[in-house]
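Hi everyone, thanks for coming along today. Let me put the structure up on the screen, and then we can walk through it together.

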Amino acid sequence: MGLFKSKPSRPFQRPKFLSSLNASIRSTSSFNRLFNSSTSSSSPAPAPAPATVPLAPDQPSIFSTLWRPPPSKPNELVPLFTDCVYMASSRTQEYLGFKDPEDKFHPAPEVLDQIFLMTYISQSIKLNLTEVFNCTTMTPQQRILLGVDWVWAVLEKNSKNPRIQIAVQVLHLTDGKEGADVFPPETCSETMYMAQLVSSNKTMCERMVDFCSSIGSDCYALFLFFGKKNDGANIYGVLSNNFQAAIGKCAKIDRGLIENFFKGSKYLHTPTGMLQSLLTKKEGEPLTLLIKFSQ
């Protein structure tokens, strides 16, 4: 009788669908634990921040390009110049109109010139006016030869070359400056003596007119009156680039001739009006103005 040979028995194997079910249950339990722990918090989860693109360090914001500073105006120097001149005139008037009860104190003309100039220069530096409007004072020798106390100049923006020049000569009621040159003894050097000899045939006014004419029509002669007849406490001026035309009609140009410009005048320019007229005038056009520099 033959023996029956059975196959070797296999260990018990879990069905595949049960393994899949257990894996699914474990995943569900993990999700529930995560969900329960997040919902059990006292504060809600913050909303995710919107996505942003960071700017590069050298990249300006778009809003920074929406505003531009106003462009600088070419006539900004006019109010600055006016401020400087009015301050210098006011300070000079304090001494120009001073009357000593004992008649012992009389400011010398040179002192009044220096007070005006020092006040003007100090204020112009404070307002940074020197970048567009320059002031050059003359040496004693230059004053004799040229008849000029100082020169104002409107400067070009880029080159800083003078575009318009105003040569200034101060005239006082108490001196004979237009006819004779009077200087303190300590300044009378050999150079000044030679300068007096060279220019002795012309008045101080004529020397300044010649100086301006040699430069051209954009150089103006300004005679600045520290007091004039019937008004010794105010400061006036006569400005022109056409004084040369008077030389052919008159024997000489002096204070009397220039002061006659005020006779019959009904209108006086302010320093503001004077500078605006110079800046807007056509090139080569003659111009003569009467100005009151004190307020």
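Let's start with strand 4, residues 219-228, and strand 5, residues 231-240: they run antiparallel and are joined by seven bridges. Keep in mind as you look that this is a predicted model. If you want one pair to find on the screen, take Phe-226, whose bridge partner in strand 5 is Ile-235.

Now look at the turn that links these two. How many residues lie between the strands in the hairpin of strand 4 and strand 5? There are two, and Asn-230 in this hairpin takes a positive phi near 70°. That is a positive value in a residue other than glycine. Is Asn-230 buried or exposed? With a relative accessibility of 85%, Asn-230 counts as exposed, because the cut-off for that word is over 50%. Strand 5, on the other hand, is mostly covered, with eight of its ten residues buried.

On we go to the next neighbour. Strand 5 also pairs with strand 6, again in the antiparallel sense, and here there are five bridges. Across that pairing, Ser-240 stands opposite Thr-288 in strand 6.

Let's step back to the whole sheet. In what order do the strands of this open sheet come? The six strands follow the order 1-2-3-4-5-6, and the pairing is mixed. At the edges sit strand 1 and strand 6, residues 288-292, each of them pairing on one side only. From one strand to its neighbour the turn is 20° on average, if you ignore direction.

Something also lies against this sheet. Helix 3, residues 109-126, packs on it and touches strand 1, strand 2, strand 3 and strand 4, and the direction of helix 3 makes about 150° with that of strand 1. One residue to pick out in helix 3 is Gln-123. Gln-123 is buried, at 9% relative accessible area. Leaving aside residues up to four places away in sequence, Gln-123 touches Asp-83, Cys-84 and Met-87. If you follow the chain into the loop between helix 3 and strand 1, you will find Asn-128. Asn-128 has a positive phi of about 60°, although it is not a glycine.

My next stop is strand 2. Why can we say that strand 2, residues 150-155, is largely enclosed by the rest of the structure? Six of its six residues are buried, so that is a fair description of strand 2. Here is a rule for your notebook: in a regular strand, side chains alternate between the two faces of the sheet. Try it on the screen: Trp-150, Trp-152 and Val-154 point one way from strand 2, while Val-151, Ala-153 and Leu-155 point the other way, and all are buried.

Who are the neighbours of strand 2? On one hand, strand 1, residues 133-137, pairs with strand 2 in the antiparallel sense over five bridges. On the other, strand 2 and strand 3, residues 162-172, make an antiparallel pair over six bridges. Ala-153 is a handy residue to follow across: it is the bridge partner of Asn-134, and in strand 3 its own bridge partner is Gln-165. The hairpin of strand 2 and strand 3 has six residues between the strands, and there Lys-160 takes a positive phi near 65°.

Finally, let's visit a pair of helices. The axes of helix 2, residues 77-96, and helix 9, residues 271-280, come within 9 Å and cross at roughly 140°. The two helices are therefore oblique to each other, and helix 2 passes helix 9 in a right-handed crossing. On the helix 2 side of the contact we have Leu-77, Val-78, Phe-81, Thr-82, Val-85 and Tyr-86, which meet Pro-271, Thr-272, Met-274, Leu-275, Gln-276 and Leu-279 in helix 9. Sorted by type, the residues of this contact are nine nonpolar, three polar and no charged.

One last residue in helix 9 is Ser-277. Not counting residues up to four places away in sequence, Ser-277 touches His-269, Leu-287 and Leu-289. How far apart are the C-alpha atoms of Ser-277 and Thr-288? They are separated by 10.0 Å, and the two residues are eleven apart along the chain. You have met Thr-288 already: Ser-240 stands opposite it in strand 6.

That's my tour, and thanks for listening!

Technical notes
Residues numbered from 1 in each chain as written. Predicted model: local features only at pLDDT ≥ 70, side-chain atom pairs only at ≥ 80, totals over all residues. Heavy atoms only, no water. Buried < 20%, exposed > 50% of the residue type's maximum accessible area, 1.4 Å probe, protein only. Helix = DSSP H or I, 4+ residues; strand = E, 2+ residues; numbered from the N terminus. Pairing = 2+ DSSP bridges. Axes fitted to C-alpha atoms, helices over the stretch in contact; angles between N-to-C directions. Parallel < 35°, antiparallel > 145°, perpendicular 65-115°, else oblique. Left-handed = near helix turned anticlockwise from the far one by under 90°. Contact = heavy atoms within 4.5 Å. Nonpolar A, V, L, I, M, F, W, Y, C, P; charged D, E, K, R; others polar.
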